[in-house]
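Ready for some practice in reading a protein structure? Take your time with each exercise, and try it yourself before you look at the solution.

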Amino acid sequence: MSRSVLQPSQQKLAEKLTILNDRGVGMLTRLYNIKKACGDPKAKPSYLIDKNLESAVKFIVRKFPAVETRNNNQQLAQLQKEKSEILKNLALYYFTFVDVMEFKDHVCELLNTIDVCQVFFDITVNFDLTKNYLDLIITYTTLMILLSRIEERKAIIGLYNYAHEMTHGASDREYPRLGQMIVDYENPLKKMMEEFVPHSKSLSDALISLQMVYPRRNLSADQWRNAQLLSLISAPSTMLNPAQSDTMPCEYLSLDAMEKWIIFGFILCHGILNTDATALNLWKLALQSSSCLSLFRDEVFHIHKAAEDLFVNIRGYNKRINDIRECKEAAVSHAGSMHRERRKFLRSALKELATVLSDQPGLLGPKNLSVCPEDESIIMSSFVNTMTSLSVKQAGEKRHFVIKKKQQQQRNIMKCICGSSITCDNIEDGEVFDFRGMRLDWFRLQAYTSVSKASLSLADHRELGKMMNTIIFHTKMVDSLVEMLVETSDLSIFCFYSRAFEKMFQQCLELPSQSRYSIAFPLLCTHFMSCTHELCPEERHHIGDRSLSLCNMFLDEMAKQARNLITDICTEQCTLSDQLLPKHCAKTISQAVNKKSKKQTGKKGEPEREKPGVESMRKNRLVVTNLDKLHTALSELCFSINYVPNMVVWEHTFTPREYLTSHLEIRFTKSIVGMTMYNQATQEIAKPSELLTSQTQHLDSHGEPTITSLYTNWYLETLLRQVSNGHIAYFPAMKAFVNLPTENELTFNAEEYSDISEMRSLSELLGPYGMKFLSESLMWHISSQVAELKKLVVENVDVLTQMRTSFDKPDQMAALFKRLSSVDSVLKRMTIIGVILSFRSLAQEALRDVLSYHIPFLVSSIEDFKDHIPRETDMKVAMNVYELSSAAGLPCEIDPALVVALSSQKSENISPEEEYKIACLLMVFVAVSLPTLASNVMSQYSPAIEGHCNNIHCLAKAINQIAAALFTIHKGSIEDRLKEFLALASSSLLKIGQETDKTTTRNRESVYLLLDMIVQESPFLTMDLLESCFPYVLLRNAYHAVYKQSVTSSA
């Protein structure tokens, strides 16, 4: 392409740089995998180690790149047999090399275009253009170096081409150029030094622009400390001021990346080192910083030796060789200590920064420049074996914190970009921002204004370039925060140093002072997948499996360590407990008796035996016992295990606490087995009753809580309380309590504790006596709710008395209803009672299942006895039968436990007639209050769960059982009172059918269904009776409406 034809503005430099940089990383990944496969005997192509093909491979390599098939039939005879398999299995390798050649062609073409366009490069002005240009050169250089390190490249390419010629009668069309490239790049840097002679001007300009950035960034730890780097509290007066810089994107550039640019860049355009002092100073500073560079993953480049070998054959370069040797000595002497001191500083600085930002997350927005510096990349590029877990943990903690506060940071940055008047409501609404198109447009603008003869030259308008850089940086902090964190703090390099990684983990776990940071290692496994590339999809499974296995191993070892510590603490506690056994006091009593009788026994000067409890007497706080050390170690390790609730590694979710729970379950099971005291020699074993009997009571023989007490308290105070708070609902279809989606998620899944299998396990564990204690505790809570309901009835007794006899007078009922108080409270308390009774029914059903398995004949006898009680039987006799049936988990028409609990509420100041009246009016209160449920949004009936999310379906059980218990106590007719309730309830609900207010009748049909549920639940009411009060057509239409609404909602 001639200069007269080439139009700089039409060359699409920004697009080409972006695409080639991404493709270059993909090619590096593919070449890296080929190199590793060829270096592994298990993964190496079989043709390279096949004894039958050994002579053919040697011949091909010796003659490479020439192709001679006619005069060497003997050596290539075996190849003739395998040609089709070779073509099939080596195609991926061969065409990867072809892709490398094509990538090289595209890069060379682009570099020539850039030279012709005379592009202006300055990292502080056109940051994206300069960075992508330098990145492309380094990627290209790394690719060619990595290619030269694949020892089997000639054999693979040659074998494939020979097989192709034997099959198709001609060499592959790409082979001549590919073979020549392999030969030319035997010494890649030497060849590229010649290749880059015409590109020296552009490359040297780009590198020299680093003179204002690299020296300022490559400072010692003391200089960082004196400059108060990363400290937000060093200048309190400016703490709230946004961090500003004319070179904003340069502030988070990795030192590792800049050193690669400088070292490889000046090797390729080495002539500038002899003529420009600035270039030489940059070169020396980079050479003194370290002795090797990370090329790609675990492939490294030894700087000084390679540079010296390249320059030694160039005439007049003795000074440069001496410079390299001096820098090598300086790097060996000081680079290690410099990196060590930097890490020490970073540990304290990151800890301070994380503490400040955790307390005041609002500083995250204006100080984002401080939060995403290059310092994490210093940690990443430091020598892996000297990395400490504390640095890793703190860098990871900071990264996690930035992601957690992403929305707040977006809001602050958007206000900075758009002005303080912006409300940023769309941020709170979860709107996804995408500024990639804008950034690409500005990248194009940088390219258009950086070529020669541009109508607007960026070199003459530097402030414009700096403004573009700043805005591009800030928009990345809004929509590409995760990508920025990956760029600055990704530690996926540990995936390729797995042995060192595992060794560091073991060292961390062994030191009690470091064990709290052990969670950093499984957390780092979440980084591993970020090093994969779409051009090499086959390695995703390999790296994914490695990340999963390492994460699993780390969490398992942490859990084992915690389990062992708990076991050791238990052993120590048992030892201390054994000191209190009566047998140990014999010597003390003997000494006291002898002292009293003045007898001299024992040897003179025999040390006095320590008494139990002496370990608690401390003369100095610094004195610690073994038990103290164990508790400290356990608390540190538990802090680590509890640091995150879960972590996602390659689409797999790990829960650290589950590992500990699993190990403790196994250990606990072994302990329970040990408690049986089985002796194989003597065949002795403890009675099962000795092991479990004490656990069916709420307190053991020592007055300590048992399993029964703990589970009862947990279900009452934790699970059922959260149901009352609206966080959990009872799903009749699932026969379980299920968590509802709320803002504050619960720490447990209710379904996992209340489904039928768990309730059966609870019944098995607690036994009938334990389940009876659970029922009594539930009934106590119900009785307290009923007591409060009676107080509300007393407050409204006059109104309720009138409503009881006026249910057929709509206008009067409406006026009376308005005079009622605490309507919502009555319904809420009745719902709570219904929830408790629903839980009890689950427990009773589980108990019946367990007993039916263990004592089927006795349970069937009790069931038969209950089912055949004559109606005319005396109530006291019937209640005895019901009590027996309830103890076996059988459902009863009248709950004996509820009757006993409510009977204890009888007041001496109120006559039995008054008590009976209050009970009747309570049912009236509930009946006339039901229509108010229709206005509640949560009252909608869900066919999927066969209930309502606000648990009002539990009212059916509450109304029936409370009525049965109260009118059993007061010797009233249960059936008559429930008929009266049904008449009042149906009359009240029919009125809302005439309401026109949509809010009042929002869930009218869902509330209608309560009548059907009440009748279905009741042994005293029938559907015929319901039909006489409430037309069944309304129920049918109500069911049709709620099912139709459910289908619409699902759609």
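**Exercise 1: A buried glutamate**

Glu299 counts as buried, because its relative accessibility is 7%. Keep in mind as you work that this is a predicted model.

Task: Find where Glu299 is located and which residues it touches.

Solution.
- Step 1. Start with the secondary structure: Glu299 belongs to strand S2.
- Step 2. List the contacts, leaving out residues up to four places away in sequence: Glu299 touches Tyr32, Lys35, Lys36, Leu146, Arg149, Leu293 and Ser294.
- Step 3. Look at one partner, Lys35: its side chain and that of Glu299 are joined by a polar contact of 3.0 Å.
- Step 4. Now take Arg149. In sequence, 150 residues separate Arg149 from Glu299, yet in space their C-alpha atoms are 9.8 Å apart.

**Exercise 2: One face of a helix**

Task: Work out which residues of helix H14 are buried and how they are arranged around the helix axis.

Solution.
- Step 1. Helix H14 covers residues 303-311, and its buried residues are Ile303, His304, Ala306, Ala307, Leu310 and Phe311.
- Step 2. Look down the axis of H14: these buried residues fall within an arc of 165 degrees, so they line one face of the helix.
- Step 3. Recall a general rule: an α-helix has 3.6 residues a turn, so residues three or four places apart point the same way.
- Step 4. Ask what lies over the buried residues of H14: the cover includes helices H8 (188-195), H12 (255-268), H13 (277-289) and H15 (318-359), along with strands S1 (292-296) and S2 (299-302).

**Exercise 3: The nonpolar cores**

Task: Describe the largest nonpolar core and name the residues with the most contacts inside it.

Solution.
- Step 1. The largest nonpolar core has 156 residues, and Phe266 and Trp283 have the most contacts inside it.
- Step 2. Helix H4 (residues 91-117) gives the most to this core, with 14 residues.
- Step 3. Zoom in on Phe266: not counting residues up to four places away in sequence, it touches Leu207, Trp261, Ile272, Leu273, Ala279, Leu282 and Trp283.
- Step 4. A second, separate core has 109 residues, among them Met779, Val835, Ala919 and Cys920.

**Exercise 4: Cysteines without a bond**

Task: Explain why Cys495 has no bond to Cys531.

Solution.
- Step 1. Count the disulfides in the structure: there are 0.
- Step 2. The closest cysteine sulfur to that of Cys495 is in Cys531, 5.2 Å away, which is too far for a bond. The cut-off used for a disulfide is 2.5 Å between the sulfur atoms.
- Step 3. Check the burial: Cys495 is buried, because its relative accessible area is 0%. Cys327 is buried too, with a relative accessible area of 2%.

Technical notes:
Residues are numbered from 1 along each chain as its sequence is written. This is a predicted model: local features need pLDDT of at least 70, side-chain atom pairs count only at pLDDT 80 or more; totals for chains, interfaces and linings use all residues. Side-chain values use heavy atoms; hydrogens and water are left out. Buried means under 20% relative accessible area, exposed over 50%, partly exposed in between (1.4 Å probe, protein chains only). Helices (H or I, at least four residues) and strands (E, at least two) are DSSP runs, numbered from the N terminus. The arc is that of the directions from the helix axis to the C-beta atoms. Contact means heavy atoms within 4.5 Å. A nonpolar core is a set of buried Ala, Val, Leu, Ile, Met, Phe, Trp, Tyr and Cys residues joined through side-chain atoms within 4.5 Å. A polar contact is a pair of N or O atoms within 3.5 Å; within protein, one must be able to donate a hydrogen and the other to accept it, and residues adjacent in sequence count only if both atoms are side-chain atoms.
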